[in-house]
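User: Please take a close look at one part of this model and then place that part within the rest of the chain. Plain wording is fine, as I am in my first year.

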Amino acid sequence: MTIRVMLVDDHAVVREGLRALLSKENDIEVAGEAGSAAELMDQVDKVRPEVVVMDLQLGNGPNGIEATKELLQRRPELKVVVLSMFDDRHLIFRALSAGAKGYVLKRAGIEELTQAIRLVAKGEAYLDPQIARQVVEGLQEGLPQGEENDGSEVELTEREMEVLRLVAEGLTNAEIARRLFISVKTVQAHRANLMQKLGLHDRVELVKYAIKKGILKL
């Protein structure tokens, strides 16, 4: 099967280079391009990509993280691979929290980008090997310690545990709903209950909790 890809970068020369390289792959088709978040939103329904390769810097207007959030709210079935020059762990966490399924550095070879595209198209995730270690270390460093409330005394239902694990793995509400054969509203309710029970505030904190408790294996 051919994977339909859309390139989002505010530099035309970068898009042209990526198109030329990706076009050499038998199973990847560059179906469209956009130079800004506005162009992406305007064209995505016409292009019908499966994977969007997203730069974080998009010139004027929303950046790549904001564009990813908006895109996945509109088309939750899409997969986003961030292609960026930045290896700052805070930006990486923000991109992953926004829903990106892959993160590749621009200094990587085309082989890594094509591998990321193929993996996320199959529903898996991909982190550039150069940043994977610091992401893990960042999560571990941020784990609750000492006498902070770590949810040790909280009892979660079996369904809440399932939802927690899938959220930590990066699935969207819609994907979790399909996986568990429940409605998106039910998933949202479970997530809200988890946040309240555990005293957590966002997906990154849920991931930290899941790692600490051995629910998510690294």
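Analyst: In this predicted model, Phe181 has a positive phi of about 60° and comes just after helix 8. Helix 8 itself covers residues 173-180. Six of its eight residues are buried, so helix 8 is largely enclosed by the rest of the structure. The buried residues are Asn173, Ala174, Glu175, Ile176, Ala177 and Leu180. What do they pack against? The buried residues of helix 8 pack against strand 4, helix 7 (158-168) and helix 9.

The packing with helix 9 can be described further. Helix 9 spans residues 184-198, and its axis is 8 Å from that of helix 8, at an angle of about 110°. The two helices are therefore roughly perpendicular to each other, since angles of 65 to 115 degrees count as such. On the side of helix 8, the contact is made by Asn173, Ala174, Ile176 and Ala177. Helix 9 contributes Val184, Val187, Gln188 and Arg191. Sorted by class, this contact has five nonpolar residues, two polar ones and one charged one. As background, an α-helix has 3.6 residues a turn, so residues three or four places apart point the same way.

Another pair of helices can be set beside this one. Helix 1 (residues 12-22) and helix 5 (residues 110-121) pack at an angle of about 75°, and their axes are 11 Å apart. That angle makes helix 1 roughly perpendicular to helix 5. Helix 1 takes part in the contact through Leu18, Leu21 and Leu22, and helix 5 through Ile110, Leu113, Thr114 and Ile117. By class, there are six nonpolar residues, one polar residue and no charged residues in the contact of helix 1 with helix 5.

Strand 4, one of the elements that the buried residues of helix 8 pack against, leads to the nonpolar cores. The largest nonpolar core has 27 residues. Val8, Leu40, Val52, Met54, Leu71, Val80 and Tyr103 have the most contacts inside this core. Strand 4 (79-84) supplies at least two of its residues, as does each of strand 1 (3-8), helix 2 (37-47), strand 3 (51-54), helix 3 (64-74), helix 4 (89-98) and strand 5 (102-105). Helix 2 gives the most to this core, with five residues. A second, separate core has 21 residues, among them Leu171, Val187, Tyr209 and Ile215. Val187 also belongs to the contact between helix 8 and helix 9.

Within the largest core, Leu71 can serve as an example. Leaving out residues up to four places away in sequence, Leu71 touches Leu40, Met41, Val44, Val52, Met54, Leu78 and Val80. Val44 is also in contact with Arg75, as are Asp45 and Pro49, when neighbours of Arg75 within four places in sequence are set aside. Arg75 lies in the loop between helix 3 and strand 4. Why does Arg75 count as buried? Its relative accessibility is 16%, and buried means under 20%.

Strand 1 is mostly covered, with five of its six residues buried. Strand 1 runs parallel to strand 2 (residues 28-34), and six bridges join them. One of the bridge partners in strand 2 is Val30, paired with Val5.

Finally, the whole chain: 10 helices and six strands are present. Of its 218 residues, 48% count as buried. Among contacts between residues at least 6 apart in sequence, 64% join residues at least 24 apart.

Definitions and conventions: Residues are numbered from 1 along each chain as its sequence is written. This is a predicted model: local features need pLDDT of at least 70, side-chain atom pairs count only at pLDDT 80 or more; totals for chains, interfaces and linings use all residues. Side-chain values use heavy atoms; hydrogens and water are left out. A nonpolar core is a set of buried Ala, Val, Leu, Ile, Met, Phe, Trp, Tyr and Cys residues joined through side-chain atoms within 4.5 Å. Buried means under 20% relative accessible area, exposed over 50%, partly exposed in between (1.4 Å probe, protein chains only). Helices (H or I, at least four residues) and strands (E, at least two) are DSSP runs, numbered from the N terminus. Contact means heavy atoms within 4.5 Å. Axes are lines fitted to C-alpha atoms, for helices over the stretch in contact, and angles run from 0 to 180 degrees between N-to-C directions. Angles under 35 degrees count as roughly parallel, over 145 as roughly antiparallel, 65 to 115 as roughly perpendicular and the rest as oblique. Ala, Val, Leu, Ile, Met, Phe, Trp, Tyr, Cys and Pro count as nonpolar, Asp, Glu, Lys and Arg as charged, and the others, Gly among them, as polar. Two strands pair if DSSP finds at least two bridges between them.
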